[in-house]
Amino acid sequence: MIVVQWDSGPSRNIAVVFENAPLQEYQKNPSMFRLEWGPIYYRGRTDGSARVLVIGQDPAADEAVARRVLVGTAGQRVQGFLAKIGITTSYFMVNSFLYSIYGQFTNPYRDFMDISPVRQWRSDLLDALIAENNIEAILAFGKAAHHMVDSWQGAAVFKNQNKVFYLTHPTAGIKNVFQSWNANLQTVAQKVNPDPDAGRNLSTYSGSNFKDSQLTRIPLLDFGFGAPEWMGTGNMAMRLRRNTTTIPKKATKYPSKILWFAPNKT
Ligand code: URA
């Protein structure tokens, strides 16, 4: 029997914070953000059962389709890291930016994060989250996430308890990712109680890429009702360059495709 699972959306308290997101600040900066794909807010538990807070950078194409963060390649790598420490579902994930950014996290993006309403909103979200959850560890993946933690006053108490971990972003250079994740695996595991249904596997990462066994599918529990079974298992969406008319080679491998269009920036 197939167990049907889905995410019915954020809890009321978290939804209220989301409803007050500073979208207009993003909309003032159309050259910095891919506004046309809309804001993407979170993934995971908002019912008080989150014990790991994961912070990423910004959403890519798979996230734009699923309306949840960290569901493509980066997400499956992070999910694999969580699986190693025995966390299967007890997490809450957010990105440092609600919209997809162009290129890398550079100083203008850091400055944007520091705009008062933008910074304040992130604090409101994290404050609301820690008020309702017993967060055992904060995992900040990449430089933007690092800045998100450091610009949040509420982080101090977690830092004092050595519960904040700055990790290399999952899609940075593999060598750096493996070095960083291996260096933190044991200490993160010491802070976090495994989920009841989970085992632990603290074997380290090695070689030139992630092995299939080190990628973990995103649980259907994290998507809206009715998501297809394959969602969360691969890197299934790609953004085409503006005005591109040819289908990229990678996409030809899949027999079924939907071309998804967005009108100009909103
Ligand atoms: N997708 C996300 O949602 N966040 C990242 O940091 C990378 C990919």
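**Pockets, cavities and aromatic contacts**

Good morning. I begin with the largest pocket, where helices α3 (61-66) and α10 (249-252) each supply at least two residues of the lining. Please keep in mind throughout that this is a predicted model.

Of these contributions, the largest share comes from α3, with five residues of the lining of the largest pocket. The space in this pocket amounts to about 1500 Å³. Its lining consists of 41 residues, and those nearest the pocket centre are M238, L240, I258, L259 and W260. Divided by class, the lining residues of the largest pocket are 24 nonpolar, nine polar and eight charged.

The second largest pocket holds about 850 Å³ of space. Thirty residues line this pocket, and Q57, D58, A60, H169 and T171 lie nearest its centre. The elements giving two or more residues to that lining are α3, α4 (73-84) and α7 (143-150). Helix α3 again deserves attention, since the largest share of the lining of the second largest pocket, three residues, comes from α3. In terms of class, this lining has 12 nonpolar, 12 polar and six charged residues.

I turn from the open pockets to enclosed space. How many cavities of 30 Å³ or more does the structure hold? There are two cavities that reach that volume. The largest cavity has a volume of about 50 Å³. It is lined by Y26, Y41, V94, N95, S96, F97, L98, W121, R122 and L125. Two elements, β3 and α6 (116-132), give two or more residues to this lining. The largest share, three residues, is from α6. Seven nonpolar, two polar and one charged residues make up the lining of the largest cavity.

The second largest cavity has a volume of about 40 Å³. The residues around it are R34, W37, G38, I40, P59, A60, A64, S100 and R239. By class, five of the lining residues of the second largest cavity are nonpolar, two polar and two charged. One residue links this part of the talk to the previous one: A60 lines the second largest cavity, and A60 is also among the residues nearest the centre of the second largest pocket.

Strand β3 has already appeared in the lining of the largest cavity, and I should like to describe this strand in its own right. Is β3, residues 91-95, mostly covered or mostly open? Strand β3 is mostly covered, with five of its five residues buried. Y91, M93 and N95 point one way from the strand, while F92 and V94 point the other way. Two strands pair with β3. Strand β1 (residues 43-44) pairs with β3 in the antiparallel sense over two bridges, and R43 stands opposite M93. Strand β2 (residues 52-56) runs parallel to β3 and is joined to it by five bridges, with G56 standing opposite N95. That same N95 is one of the residues lining the largest cavity.

I move next to the aromatic residues. The count comes to 23 aromatic pairs. Why is the pair of F33 and Y109 edge-to-face? The ring centres of F33 and Y109 are 5.7 Å apart and the planes stand at 75 degrees; the class begins over 60 degrees, so this pair is edge-to-face. The pair links distant parts of the chain, as F33 lies in the loop between α2 (23-27) and β1, whereas Y109 belongs to helix α5 (residues 107-114), 76 residues apart. Both F33 and Y109 are buried.

A second pair is formed by Y205 and F210, whose ring centres are 5.5 Å apart with planes at 70 degrees, so this pair is edge-to-face as well. Y205 has a relative accessibility of 3% and therefore counts as buried. F210 is buried too, with a relative accessible area of 9%.

F33 and Y109 also belong to one aromatic cluster, formed by Y26, F33, F97, Y99, F105, Y109 and F112. Two members of this cluster, Y26 and F97, are among the residues lining the largest cavity.

Finally, I note two contacts between charges and rings. The charged end of R45 sits over the ring of Y91, at 5.7 Å from its centre; Y91 is one of the buried residues of β3. The charged end of K84 sits over the ring of Y205, at 5.0 Å from its centre. Y205 thus takes part in a contact with K84 as well as in the edge-to-face pair with F210.

Thank you for your attention.

Conventions
Residues numbered from 1 in each chain as written. Predicted model: local features only at pLDDT ≥ 70, side-chain atom pairs only at ≥ 80, totals over all residues. Heavy atoms only, no water. Buried < 20%, exposed > 50% of the residue type's maximum accessible area, 1.4 Å probe, protein only. Helix = DSSP H or I, 4+ residues; strand = E, 2+ residues; numbered from the N terminus. Pairing = 2+ DSSP bridges. Phe/Tyr/Trp six-rings, centres within 6.5 Å; stacked < 30°, edge-to-face > 60°. Lys NZ or Arg CZ within 6 Å of the ring centre and 35° of its normal. 1 Å grid on protein atoms, 1.4 Å probe; cavity = no way out; pocket = protein on both sides within 12 Å on 5 of 7 lines; lining within 4 Å. Points joined across faces, edges and corners; volume = space filled by probe spheres on them. Nonpolar A, V, L, I, M, F, W, Y, C, P; charged D, E, K, R; others polar.
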